[in-house]
Amino acid sequence: MDNTQLEEFIKKLDQDIEINEGKQYLEVTLPADKIHSVASQLKEDEKTRFDYLFCLTGVDYGQDLGVVYHLRSTVHSHYIVLKVRTSDRENPHFDSVTDIWQTAEYHEREVYDLLGISFNNHPDLRRLFLDSSWGYPLRKDYVDDINIVTK
Amino acid sequence: MDDNEKNITADDHQEYVINMGPQHPSTHCVLRLVVSLKGEIVQNIKPHIGYVHRGIEKMCESITYPQIIHLTDRMDYLSAHINNEAVCLNVEKALEIDIPDRIKVIRTIMSELTRIQSHQLWWASFGMDLGGLTCFFYGLRDREKVLDIFEETCGGRMIVSYNCPGGLMYDIHPNFQKRVKEFIKYFRKTLPEYDQLLTGNIIFEERSKGVGQLSLEDAIAYGVTGPSGRASGFSCDVRKQEPYSAYDRVKFNEVLFTEGDTYHRYLARIEEMRESMDIIEQLIDNIPEGPYVVKMKPVIKLPEGEYYQRVETARGELGVYIISDGNKNPYRVKFRSPNFVNLSVLNKISQGFKIADLVAIGGSLDLVIPDIDR
């Protein structure tokens with residue numbers, strides 16, 4: 001499917017979806033609680049078959065925290081980018097997509113470790129690189145006077 | 001002695017846990033695996049990583065784009081040139097700069113030389129892990145020749161930093177073409193020795209055939225790319241899917257197998273070295289004339305937006321995801337490193353095999369730990 005067909009297909013899935021024609025890939029912003037249902041439909045449907053999650057990124061947008069999913073279909077060779085955001089900085093959480101793409105397990109642990117975003121129904125959500133005495137270094141409000149040199 | 005301990009006999013297979021690493025010789029860096037065993041059989045593996053975590057993604061947020069390139073060398077140090085190229089391609093794509101053909105061709109040749117030397121070192125250490133010490137000498141003997149070419153061209157042997165946004169740091173050395181051709185001629189002769197030493201060796205085959213099978217479905221679900229994924233039949237070569245640099249003008253085969261065991265992950269890499277030599281041979285006599293670098297602004301600022309670049313390193317798909325807010329520093333950089341993702345499948349494919357096979361399986365995934373930790 002090309003981007004216009006994909007756009008039509010996704011519009012049918014849910015009404016609150018915001019679609020943005022990105023520079024490279026089609027970017028879709030979802031409400032935070034819809035990620036699991038939309039993701040599994042995108043994977044299961046014969047027409048889309050997004051079976052390969054090649055990148056999962058946690059981002060601190062300043063006010064919001066978010067997760068970006070880069071997907072590719074090995075059958076149809078098309079791409080899509082899914083985005084979710086939350087304004088809750090104290091206890092941010094999204095649904096895990098580990099049961100849809102197993103590769104998400106490590107990616108989500110990394111996001112949890114570095115940004116403090118937790119994932120519901122994740123099989124083994126522990127810190128990955130750092131131990132529990134650290135804060136969440138990839139957050140923009142992370143302060144570490146000793147190790148981060150600011151100009 | 002309590003009741004439980006009294007009843008244990010030699011025939012009982014109670015599950016127990018051993019610690020492998022962080023300084024285990026077969027991991028070649030600091031990777032700690034906590035392995036649950038029943039007898040000799042692996043039940044479960046929990047990797048503990050982060051021993052060489054430097055926070056490269058965080059560091060990138062406070063430095064400029066040309067500086068980021070030098071950090072990417074330190075991720076997958078065996079694919080240093082390809083990592084550099086990924087960042088440069090992404091910056092160039094964001095700024096919509098046309099890159100002259102000369103740069104594209106030189107980058108492609110350097111990338112393929114990088115792939116060859118990486119696979120040579122992998123072959124050397126993989127053979128050594130499985131008890132064939134000779135492999136190590138043979139592999140390093142040949143790898144030196146590539147590193148000498150790197151040294152002459154860019155000054156660095158492993159950490160090359162040869163790319164910069166807009167092209168290359170310097171032009172190629174006058175000897176470059178001659179020496180690369182000499183190397184290809186030499187390596188065409190010595191690559192069959194690799195087959196003689198390991199490929200047909202009965203001990204090696206017994207230890208690798210049918211060990212650690214990875215099915216195509218799992219390869220896609222776990223996102224295992226590179227030769228490890230292609231050995232399972234996962235067509236994931238970024239050079240074919242989204243040709244960058246000069247890959248659209250060369251003919252080469254994507255090495256695919258369907259078995260997905262340790263032996264075929266091994267074969268995939270050996271075959272890739274041949275394909276890499278083919279690519280270099282097609283380009284080495286046709287390096288176009290032209291500038292080796294495009295003049296860039298002294299301060300590089302990317303327009304606001306998101307940019308993603310995929311490249312094929314020696315271990316799989318590297319993704320560089322840059323979110324820019326229009327400043328000279330990126331707002332967020334994410335490196336989708338191939339080793340990090342390939343490690344996640346280790347638990348799945350090692351279950352049910354002996355602990356000695358774990359060394360073979362881990363070696364065949366070709367993990368480079370600094371790329372996992374970043």
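Helix H3(B) passes helix H4(B) in a right-handed crossing, and this pair is a good place to start in what is a predicted model. H3(B) covers residues 65-72 and H4(B) covers residues 80-95; their axes come within 8 Å and cross at roughly 155°. The two helices are therefore roughly antiparallel to each other, since angles over 145 degrees count as such. If you would like to select the contact yourself, pick Tyr65(B), Ile68(B), Ile69(B) and Thr72(B) on the H3(B) side, and Asn83(B), Asn84(B), Val87(B), Cys88(B) and Val91(B) on the H4(B) side. Sorted by class, the contact of H3(B) with H4(B) holds six nonpolar and three polar residues, with no charged ones.

H4(B) also leads us on to a sheet. This helix lies across E6 and E7 of chain B, running at about 150° to E6(B). Those two strands belong to an open sheet of three strands, ordered E6-E7-E8 in chain B and paired in the antiparallel sense. Which strands stand at the edges of this sheet? They are E6(B), residues 305-313, and E8(B), residues 332-336; each has a single partner strand, so one side of each is left without a neighbour in the sheet. From one strand to the next, the twist averages 10°. E7(B), residues 316-324, is joined to E8(B) by five bridges, and the two run antiparallel. To find the register by eye, look for Gly319(B), which stands opposite Arg336(B) in E8(B).

Chain B has another open sheet of three strands, this one in the order E1-E2-E3, again with antiparallel pairing. Here the edge strands are E1(B), residues 15-20, and E3(B), residues 41-48, each of which pairs on one side only. The twist in this sheet averages 20° from one strand to the next. How many bridges pair E2(B) with E3(B)? There are seven, and they link E2(B), residues 32-38, to E3(B) in the antiparallel sense. Two partnerships help to set the register: Val35(B) stands opposite Ile45(B), and Leu37(B) has Val42(B) as its bridge partner. E2(B) and E3(B) form a hairpin with two residues between the strands, and Gly39(B) takes a positive phi near 65° there.

Now for a helix in the interior of the model. Is H15(B) largely enclosed or largely open? Nine of the 11 residues of this helix, which covers 355-365, are buried, so H15(B) is largely enclosed by the rest of the structure. The buried residues include Asp357(B), Leu358(B), Val359(B), Ala360(B) and Ile361(B), as well as Gly362(B), Gly363(B), Ser364(B) and Leu365(B). Just after the helix comes Asp366(B), whose phi is positive, near 60°.

Part of the surroundings of H15(B) comes from H12(B). This helix, residues 262-284, packs with H15(B) at an angle of about 30°, the axes being 9 Å apart. That makes H12(B) roughly parallel to H15(B), and H12(B) passes H15(B) in a left-handed crossing. Thr262(B), Arg265(B) and Tyr266(B) of H12(B) make the contact with Ala360(B), Ile361(B) and Ser364(B) of H15(B). By class, the contact of H12(B) with H15(B) comprises three nonpolar residues, two polar residues and one charged residue.

Let us move over to chain A, where strand E5(A) takes part in two kinds of pairing. With E2(A), residues 26-30, E5(A), residues 79-86, pairs in the parallel sense over four bridges. With E4(A), residues 65-72, E5(A) pairs in the antiparallel sense over eight bridges. Lys83(A) is a handy landmark: Thr29(A) stands opposite Lys83(A), and Val68(A) has Lys83(A) as its bridge partner too. E4(A) and E5(A) form a hairpin with six residues between them, and in the turn Ser77(A) has a positive phi of about 60°.

Finally, the chains come together. The contact takes 23 residues from chain A and 25 residues from chain B. On the side of chain A that touches chain B, the elements giving two or more residues are E3(A), residues 52-60, and H3(A), residues 104-115. E3(A) gives the most to this side of chain A, with six residues. By class, the side of chain A that touches chain B has 12 nonpolar, eight polar and three charged residues.

Technical notes:
Residues are numbered from 1 along each chain as its sequence is written. Chains are lettered from A and ligands numbered from 1 in the order in which they are written. This is a predicted model: local features need pLDDT of at least 70, side-chain atom pairs count only at pLDDT 80 or more; totals for chains, interfaces and linings use all residues. Axes are lines fitted to C-alpha atoms, for helices over the stretch in contact, and angles run from 0 to 180 degrees between N-to-C directions. Angles under 35 degrees count as roughly parallel, over 145 as roughly antiparallel, 65 to 115 as roughly perpendicular and the rest as oblique. A crossing is left-handed if the near helix is turned anticlockwise from the far one by less than a right angle, and right-handed if clockwise. Two residues are in contact if their C-beta atoms, placed from the backbone, lie within 7 Å. Ala, Val, Leu, Ile, Met, Phe, Trp, Tyr, Cys and Pro count as nonpolar, Asp, Glu, Lys and Arg as charged, and the others, Gly among them, as polar. Two strands pair if DSSP finds at least two bridges between them. A residue is buried if 20 or more other C-beta atoms lie within 10 Å of its own, exposed if 12 or fewer, and partly exposed in between; C-beta atoms are placed from the backbone.
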